[in-house]
Amino acid sequence: LMSTLKCPPDGAFSAYYCVVLFDTIGYELFPQDLQETPGSMGLGIYCTLDLEKAQTSGKEVLIAEFKPTVQSDRLGSSDLALHVSGSAGGAAESRWRERSFSGVIFGETELCVRADTLTALYRREWRRPESAWPELARTVGHMHDPPLAIDSDTSQTDASWAKAMERLKTYGDDQVTLTRERLGPMWQRYADGASSPSSCTMM
């Protein structure tokens with residue numbers, strides 16, 4: 001049994017995505033390059049809202065921005081599913097895809113989304129000495145509400161780059177925290193009464 005969480009039009013959410021990246025990959029990352037992987041909730045992009053868990057994964061911690069309503073031509077595409085382990089048996093864990101949900105929240109901090117809902121993907125940290133201003137400009141251009149703007153008048157010193165990286169990191173963490181504060185209580189309320197599935201709307 002699953003509950004339906006209806007999301008606002010053009011609503012954007014952020015989560016941590018952990019992955020192993022080769023050193024040859026530059027600053028810019030592309031959401032469309034992510035491959036859906038099998039897991040406890042079937043195929044999807046598995047993310048977490050728990051920074052400590054992400055940091056202990058041993059992988060690179062990225063920030064993924066997604067919009068459940070981005071694929072408006074798919075029935076139910078504006079909805080997220082709420083699922084509690086053990087609240088349904090059999091293949092229920094992967095049924096969210098069959099029912100055309102954009103993603104599923106299966107824990108207070110855990111979610112799995114369709115790859116086509118991702119709209120932006122960026123690094124939480126950049127430890128290399130070189131800057132990458134053109135790549136940064138394209139990255140923030142894909143974000144729902146970017147914390148900075150890059151144009152021809154932007155100072156491109158090493159100090160400016162360091163400041164931009166710190167600002168992006170703080171912004172990303174804040175966006176994930178906001179997502180956790182919005183989605184976590186919704187899942188918890190459903191978990192407390194999982195025997196009676198219902199539909200709720202996020203304002």
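In this predicted model, the largest nonpolar core comprises 47 residues, of which Tyr 17, Tyr 27, Leu 136 and Trp 161 touch the most other members. At least two residues of this core come from each of E2, E4, strand E5 (60–66), strand E6 (79–82), E8, E9, H3 and H4. H4 provides the largest share, ten residues. Such an arrangement accords with a general tendency: in soluble globular proteins, nonpolar side chains tend to be buried together.

Apart from this core lies another, made up of eight residues, with Ala 81, Trp 96, Phe 101 and Phe 106 among them. Within the largest core, Tyr 17 serves as an example of the contacts made: leaving aside residues up to four places away in sequence, Tyr 17 touches Leu 34, Ile 45, Tyr 46, Cys 47, Glu 60, Val 61, Leu 62 and Ala 64.

**Aromatic pairs**

Five aromatic pairs are found in a search of the whole structure. Two of them are set out below.

| Pair | Geometry | Centre to centre | Angle between planes |
|---|---|---|---|
| Tyr 27 and Trp 126 | edge-to-face | 5.3 Å | 85 degrees |
| Tyr 46 and Phe 106 | edge-to-face | 6.0 Å | 75 degrees |

Tyr 27 is situated in the loop between strand E2 (13–19) and strand E3 (37–39), while Trp 126 is in the loop between strand E9 (118–123) and helix H3 (133–141); the pair therefore ties together parts that are 99 residues apart in sequence. Both partners are buried: Tyr 27 has a relative accessibility of 4%, and Trp 126 has one of 12%. Tyr 27 and Trp 126 also belong to one aromatic cluster with Trp 133 and Trp 161.

The pair of Tyr 46 and Phe 106 likewise links distant parts of the chain, 60 residues apart, with Tyr 46 in strand E4 (residues 42–48) and Phe 106 in the loop between strand E7 (103–105) and strand E8 (110–113). Tyr 46 has a relative accessible area of 22% and is partly exposed, since the buried class ends at 20%.

**Strands around E8**

E8 pairs with E4 in the antiparallel sense over four bridges, and with E7 in the antiparallel sense over three bridges. Leu 111 of E8 takes part on both sides: Cys 47 stands opposite Leu 111, and Leu 111 is the bridge partner of Ile 105. E7 is joined to E8 by a hairpin of four residues. Glu 110 and Cys 112 point one way from E8, whereas Leu 111 and Val 113 point the other way; all are buried.

**The buried side of H3**

Which residues of H3 are buried? They are Trp 133, Leu 136, Thr 139 and Val 140. These residues cover an arc of only 120 degrees around the axis and so lie on the same side of H3. The helical repeat offers the background: an α-helix has 3.6 residues a turn, so residues three or four places apart point the same way. The buried residues of H3 pack against E9 and helix H4 (158–192).

Thr 139 is a polar example on this side of H3. Its relative accessibility is 5%, which counts as buried. A polar atom of the Thr 139 side chain lies 2.9 Å from the backbone oxygen of Glu 135. Leaving aside residues up to four places away in sequence, Thr 139 touches Tyr 27, Glu 28, Leu 121 and Tyr 122. Through this contact with Tyr 27, Thr 139 meets a residue of the aromatic cluster.

Conventions: Residues are numbered from 1 along each chain as its sequence is written. This is a predicted model: local features need pLDDT of at least 70, side-chain atom pairs count only at pLDDT 80 or more; totals for chains, interfaces and linings use all residues. Side-chain values use heavy atoms; hydrogens and water are left out. Rings of Phe, Tyr and Trp (its six-membered ring) pair if their centres lie within 6.5 Å; planes under 30 degrees apart count as stacked, over 60 as edge-to-face and the rest as tilted. Buried means under 20% relative accessible area, exposed over 50%, partly exposed in between (1.4 Å probe, protein chains only). The arc is that of the directions from the helix axis to the C-beta atoms. Contact means heavy atoms within 4.5 Å. A nonpolar core is a set of buried Ala, Val, Leu, Ile, Met, Phe, Trp, Tyr and Cys residues joined through side-chain atoms within 4.5 Å. Two strands pair if DSSP finds at least two bridges between them. A polar contact is a pair of N or O atoms within 3.5 Å; within protein, one must be able to donate a hydrogen and the other to accept it, and residues adjacent in sequence count only if both atoms are side-chain atoms.
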